[in-house]
Amino acid sequence: MFENMNSVTLEEKASYLKEGAYLVKVKSVKSSDKEEKKPKIPYVEFTVEAANGSIAKLKFQGSDSQTSEKAREIRLKIFKQFLYNCGVRDFANWVAACKETVGKKVNVCLAKRDYWTNNLDNKPEIRHVVEYKFSNPENKSIMFDVKYNKGLSQNDMRAYNEACKFANTADSEAPNDMPF
C-alpha cells in the first residue's frame, strides 16, 4: 500500500512572519518580468528570513501607464529607501541594485492589512495580509506600533456587511424542491 517510502522527499513548510519589526536577511529577489503571465502592474519581490527561520515576501509594485505621477514617485521612493537600507549605493541599474541586496541584513516593519473577499462557498469573509511598511539599516532597530496595522475602512465594512446580508438572504431563499 505504501511502497517506496524512501523515494519520497518531504518538504518543510515555511512559517511566515507576522506583523511586527524584524532584523532579516535578504535570501532572494525576483521580478515579475520573469513570469510567463505578466501581471497588470510589474513588481519586484524580495524573500527575507528572520533569525528564527520564518520568512516574509516583500513586494514592491512598479507602475504602468495608468499609475498617477504621485503614486509613481511614492513607490519609487519606498523602493529606493529599502535598497538603500540594504546597503545599495549605486542605483544606475535597478536590476543590479536588487541583486546586490541578496545576503544583506535590514530591519523591516511588517503591518497587517484587512480586506474582505468571498470564500470557496461564496460567503463573504474578512482576511488579512502582512505587508512591508518601511525599513531601517541593519544597525537601526524599529519599534513596532499596532497603529501601523490597517483594518477595513468604513466603506469596506459597509460593503462587507451588505454582502453578508445578501449571502444570508440568498441562503434562506433557496428553493426547497428537494424530494426528501
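These are my notebook entries on a few features I looked up in this structure.

**Entry 1: the model**

I am working with a predicted model. I keep that in mind for every value below.

**Entry 2: the largest pocket**

I started with the largest pocket. Its volume comes out at about 690 Å³. I then looked up the lining, which has 21 residues. Closest to the pocket centre are Lys-59, Gln-61, Ile-78, Glu-131 and Tyr-132. Next I asked which elements supply at least two residues each to this lining. I found strand E3 (55-61), helix H1 (69-85), strand E4 (105-118) and strand E5 (124-137).

**Entry 3: Asn-85**

Helix H1 led me to Asn-85, which has its place in that helix, residues 69-85. Is Asn-85 buried or exposed? I noted a relative accessibility of 6%, so Asn-85 counts as buried. The cut-off for buried is under 20%. I then listed what Asn-85 touches, leaving out residues up to four places away in sequence. The list reads Lys-105, Val-106, Ser-135, Asn-136, Pro-137 and Glu-138.

**Entry 4: salt bridges**

How many salt bridges does the structure hold? I noted 6. I wrote up some of them.

I took Glu-49 and Lys-27 to begin with. Their closest N and O atoms are 3.5 Å apart. Glu-49 lies in strand E2 (residues 43-50) and Lys-27 in strand E1, so this salt bridge ties together parts that are 22 residues apart in sequence. I also looked up how open the two partners are. Glu-49 is partly exposed, at a relative accessible area of 25%. Lys-27 is partly exposed too, with 44%.

I went back to helix H1 for the next pair. Arg-72 forms a salt bridge with Glu-69, with 3.9 Å between the closest N and O atoms. Both residues lie in helix H1. They are 3 residues apart, about one turn of the helix. I have Arg-72 down as partly exposed, with a relative accessible area of 30%.

Then I moved to helix H3. Glu-162 and Lys-165 form a salt bridge, and their closest N and O atoms are 3.5 Å apart. Both sit in helix H3 (residues 154-172). I noted a spacing of 3 residues, about one turn of the helix. Glu-162 is partly exposed, with a relative accessible area of 48%. Why does Lys-165 count as exposed? Its relative accessibility is 51%, and exposed means over 50%.

**Entry 5: Thr-47**

I returned to strand E2, where Thr-47 lies. Thr-47 is buried, with a relative accessible area of 12%. I listed its contacts, again without residues up to four places away in sequence. Thr-47 touches Lys-25, Val-26, Lys-27 and Ser-28, and also Ile-55, Ala-56 and Lys-57. Lys-27 is a name I already had, as the salt-bridge partner of Glu-49.

**Entry 6: a nonpolar patch**

I ended on the surface. Which residues form a nonpolar patch there? I noted Met-1, Phe-2 and Met-5. Together they have about 460 Å² of accessible area. I checked Met-5 separately. Met-5 lies in the segment before strand E1 (20-31). Its relative accessibility is 56%, so Met-5 counts as exposed.

Terms used:
Residues are numbered from 1 along each chain as its sequence is written. This is a predicted model: local features need pLDDT of at least 70, side-chain atom pairs count only at pLDDT 80 or more; totals for chains, interfaces and linings use all residues. Side-chain values use heavy atoms; hydrogens and water are left out. Patches are made of residues with over 30% relative accessible area and no salt bridge: like charges are joined within 9 Å, nonpolar side chains (Val, Leu, Ile, Met, Phe, Trp, Tyr) within 5 Å. Accessible areas come from the Shrake-Rupley method with a 1.4 Å probe; for residues, only the protein chains shown count as cover. A salt bridge is a side-chain nitrogen of Lys or Arg within 4 Å of a carboxyl oxygen of Asp or Glu. Helices (H or I, at least four residues) and strands (E, at least two) are DSSP runs, numbered from the N terminus. Buried means under 20% relative accessible area, exposed over 50%, partly exposed in between (1.4 Å probe, protein chains only). Contact means heavy atoms within 4.5 Å. On a 1 Å grid over the protein atoms alone, a cavity is a set of points where a 1.4 Å probe fits but cannot get out, and a pocket is an open set with protein on both sides within 12 Å along at least five of seven lines; lining residues have an atom within 4 Å of a point. Grid points are joined across faces, edges and corners, and a volume is the space filled by probe spheres set on the points.
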